[in-house]
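Me: I should like to learn how to read the strand pairing and the internal space of a protein model. Could we take one example and go through it in order?

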Amino acid sequence: MFVKPNTTVNLNLNGKTFTNKVEGRAAIINDGNMTISNGKIVNGNTSSQGGCAILNRNIMIIENGEYGSSSQRGAAVENKGQLTINGGTFTIDSEDDCIHGNVDVVINGGTFELASGDDGMHADTNLTINDGNVKISKSYEGIEATNIYIVGGTIDVTASDDGLNAAGG
């Protein structure tokens, strides 16, 4: 699914499942303003070519639902714009970052079961966790950003290097 620039889309899946099996491609690519809610998005892509479940390049809000990925390469949720997660269940096992932001990522709630060969959660600038349950069972860096703000929630991180890294690398 592709959302064009200057377009607003509210994708309410109403309990339905959206599965991506196209190798090397994202299930959802957003260049507009998008809200996703109330369904299940699964990235069935296990190719060495990568491909994320969700690629956001503008403004995205995720509310409720289930989001899963077991891709070998590529972040499961790749954010190159503004990403706000207000809830949902994220079950992600990735060789790369599970949730990656080139800019800011804001988490206002949700349940996150993450296993990563790199970062469980990463943002190049600010990563804010206001609420939610985050369990990162495997990672190199558990949570990494230039600035990490933890306001609330429960966090359990297993990392081979830093559990929290706000040093920029």
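Reply: Let us begin with a single pair of strands in this predicted model. Strand β17, residues 133-138, and β19 pair in the parallel sense over 4 bridges.

Me: What holds such strands together in general, and which residue stands opposite V157 in β19?

Reply: In a sheet, strands pair through backbone hydrogen bonds, and the pairing is either parallel or antiparallel. Here, the residue opposite V157 in β19 is I136.

Me: How many strands does the open sheet have, and in what order do they lie?

Reply: The sheet is open and has 7 strands, with parallel pairing, in the order β3-β6-β9-β12-β15-β17-β19. Its edge strands are β3 (17-20) and β19 (154-157), each of which pairs on one side only. From one strand to the next, the twist averages 5°.

Me: Let us turn to internal space. How many cavities of 30 Å³ or more are there?

Reply: A cavity is space where a 1.4 Å probe fits but cannot get out. With the threshold set at 30 Å³ or more, the count is 1 cavity. The largest cavity holds about 40 Å³ of space.

Me: Which residues line the largest cavity, and which strand gives the most to the lining?

Reply: The lining consists of I41, A53, I54, Y67, G68, S69, A76, V77 and I92. Strand β9, residues 66-69, gives the most, with 3 residues.

Me: How do the lining residues divide into nonpolar, polar and charged?

Reply: For the largest cavity, the division is 7 nonpolar and 2 polar residues, with no charged residue in the lining.

Key:
Residues numbered from 1 in each chain as written. Predicted model: local features only at pLDDT ≥ 70, side-chain atom pairs only at ≥ 80, totals over all residues. Heavy atoms only, no water. Pairing = 2+ DSSP bridges. Helix = DSSP H or I, 4+ residues; strand = E, 2+ residues; numbered from the N terminus. Axes fitted to C-alpha atoms, helices over the stretch in contact; angles between N-to-C directions. 1 Å grid on protein atoms, 1.4 Å probe; cavity = no way out; pocket = protein on both sides within 12 Å on 5 of 7 lines; lining within 4 Å. Points joined across faces, edges and corners; volume = space filled by probe spheres on them. Nonpolar A, V, L, I, M, F, W, Y, C, P; charged D, E, K, R; others polar.
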